[in-house]
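Welcome! Here is a short tour to read alongside the sequence and the 3D view.

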Amino acid sequence: MSIAATTESVHVRAPGKINVYLGVGGRHDDGYHALATVFQAVSLYEDVIARHADDFSLTVSGVDDVDEVPLDDRNLAMRAAKLLAAATEYPGGVALEIRKRVPVAGGMGGGSADAAAALVACDALWGTGLSAARMHELASRLGADVPFALHGGTAVGTGRGDQLNPALARGRFDWVLVTSEHGLSTPVVYGRLDLLREEEGALADDPPMSLDVPIPVLQALRSGDPAQLADTLYNDLQAAALSERPDLAETIDIGIRAGALQGIVSGSGPTIALLCADPEAAQDVQTALRRSGHEALHVHGPVPGARIVV
Ligand code: ATP
C-alpha cells in the first residue's frame, strides 16, 4: 500500500438510480426479499469530497431534508470509508463532505450513491489501489444498491438486487422525476407489500424465491425506443407505495396527461419517474407538473457510475 500524501482532496460524483423494472419475490430468513430488477443510473448526482484527516468526520449539505441524514456510523458514506480503512489497514481517517441532490429516502438510492462515491474517493485519496473486484465486494457488504452506484449505466440485479449484470441499453432515455418533501421508509414499504400479499389470501401462490427480469424489458432497453420501454415499466412495490401515499397516483396522471409515455414509482418511492419520448416532451411534462405545484426535474439515463471529477 502506498499513501498518496500529495493528493489533498478527491472529488467523486455518483448517480442516483431509477428501477425501470422491479419484481419482488418472497422474503428470505435474513429479512431481504428476492428481487429481479433493472437499474438505470440517471443524471441526478451526489458529490462526495474526501480530505485527509486523522479521524473520521462528515458534513452533509444540499437537499432540503439534510437534517434527516445521520452524520455518525449509520451514514452509509461513513461506513464505506471505515470499511475500506479496515480492509486495507489504512491507519488514518478522512473528512468527508457530501453535497446531496438525490432526495433523501426517495427510492433513488442516494445513500448508496454516497457510499459508492466514498469508496472511490477514499481509495484514491489514500492510494489503497483496490481492484474492481475487491471494490465490488466491499460495495455489496455495504448494501444491495451500492454495487450498482459504483458501476452505473443500465444493469440487471438479481438475488437481493446485488448480483449485477450489465444490460445493453441503446441511446438515451429522458425522464421527469417528481420528488416529494418527505421520504418513504424502504422497510415500511416492503412491510406493506407483505401485508397486501397476506390480504390477497391463502389461495394465491407463495411469491417465488428466485426471479428473472422478463425478456421484453431487456429487448426494449436494447431497442433504445422509449415507447417500447414505456410498455414494460413495472414495479411490484408500486401498490404498497401508493397505499402509503395515495396522492402519487394523481402525480402520475398529471404527467401522462402532459405527454409522458408512462410513469412509475421509483424503487420504494415516493419519487415518481415519468418516461418521455424526447427532451422536448420532457420539458412539457416538467412545466405541467411545476404549474400544478410539484417539484419536477428533467434527467436522462443511462450515465456512468461513481467517477472522480478532475
Ligand atoms: P434505498 O436505497 O433503501 O431505496 P432510498 O434511496 O429510499 O433508500 P436513501 O436516501 O438512500 O433512501 O436513505 C434512506 C435512509 O438511510 C435515510 O432516511 C437515512 O436515515 C439513512 N442514510 C444513511 N446514509 C445516508 C446518506 N448518505 N444519505 C441519505 N440517507 C442516508
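In what order do the four strands of the open sheet stand? The order is β9-β10-β7-β11, with antiparallel pairing. Please keep in mind that this is a predicted model. After the sheet, we will visit two positions that UniProt marks as an active site, and then some of the helices.

**The four-stranded sheet**

- The edges of the sheet are taken by β9 (262-265) and β11 (295-301); each has a single partner strand, so one side of each has no neighbour in the sheet.
- From one strand to the next, the twist averages 25°.
- In general, the strands of a sheet pair through backbone hydrogen bonds, in a parallel or an antiparallel way.
- Strand β7 (residues 173-179) joins strand β10 (residues 272-276) through five bridges in the antiparallel sense.
- β7 also pairs with β11, again antiparallel, over seven bridges.
- You can follow this pairing at single residues: D174 stands opposite C276 in β10 and opposite H300 in β11, while W175 has L275 in β10 as its bridge partner.

**How β7 is enclosed**

- Seven of the seven residues of β7 are buried, so the rest of the structure largely encloses this strand.
- Both of its faces are covered: F173, W175, L177 and T179 are buried on one side, and D174, V176 and V178 on the other.
- Helix α10 (residues 279-291) lies across β7, β10 and β11, and runs at about 10° to β7.

**The annotated active site**

- An unreviewed UniProt entry places the feature "active site" at K17 and D145.
- These positions span 129 residues in sequence, yet their C-alpha atoms are no more than 9.1 Å apart, so they gather at one spot.
- K17 is part of strand β1 (residues 9-27), whereas D145 sits in the loop between α3 (132-142) and α4 (146-151).
- Are these two residues buried or exposed? K17 counts as buried because it has 34 C-beta neighbours inside 10 Å, and D145 counts as buried because it has 28.
- Leaving aside residues up to four places away in sequence, K17 touches F39, Q40, A41, V42, M108, G109, D145 and F148.
- With that same exclusion, D145 touches K17, G109, S112 and G161.

**A helix pair and an annotated domain**

- The unreviewed UniProt entry also gives the feature "domain: GHMP kinase N-terminal" at residues 75-153.
- Over residues 75-153, the chain is 59% helix and 9% strand, and the end C-alpha atoms are 25 Å apart.
- A packed pair of helices is described by the angle and the distance between the two axes.
- For helix α2 (residues 110-126) and α3, the axes come within 10 Å and cross at roughly 145°, and the crossing is right-handed.
- Where they meet, A115, A116 and L119 come from α2, and M135, L138, A139 and L142 from α3.

**Helix α6 and its buried face**

- Which residues of helix α6 (residues 215-223) are buried? They are V217, A220 and L221.
- Looking down the axis of α6, these buried residues fall within an arc of 100°, so they line one face of the helix.
- The buried residues of α6 pack against β1, β2 (33-53), β5 (154-158) and α7 (226-232).
- Just after α6 comes G224, which takes a positive phi of about 75°.

Note on methods:
Residues numbered from 1 in each chain as written. Predicted model: local features only at pLDDT ≥ 70, side-chain atom pairs only at ≥ 80, totals over all residues. UniProt positions renumbered as here; feature names shortened; annotations may be inferred. Helix = DSSP H or I, 4+ residues; strand = E, 2+ residues; numbered from the N terminus. Buried ≥ 20, exposed ≤ 12 C-beta atoms within 10 Å, placed from the backbone. Contact = placed C-beta atoms within 7 Å. Pairing = 2+ DSSP bridges. Axes fitted to C-alpha atoms, helices over the stretch in contact; angles between N-to-C directions. Arc of directions from axis to C-beta. Left-handed = near helix turned anticlockwise from the far one by under 90°.
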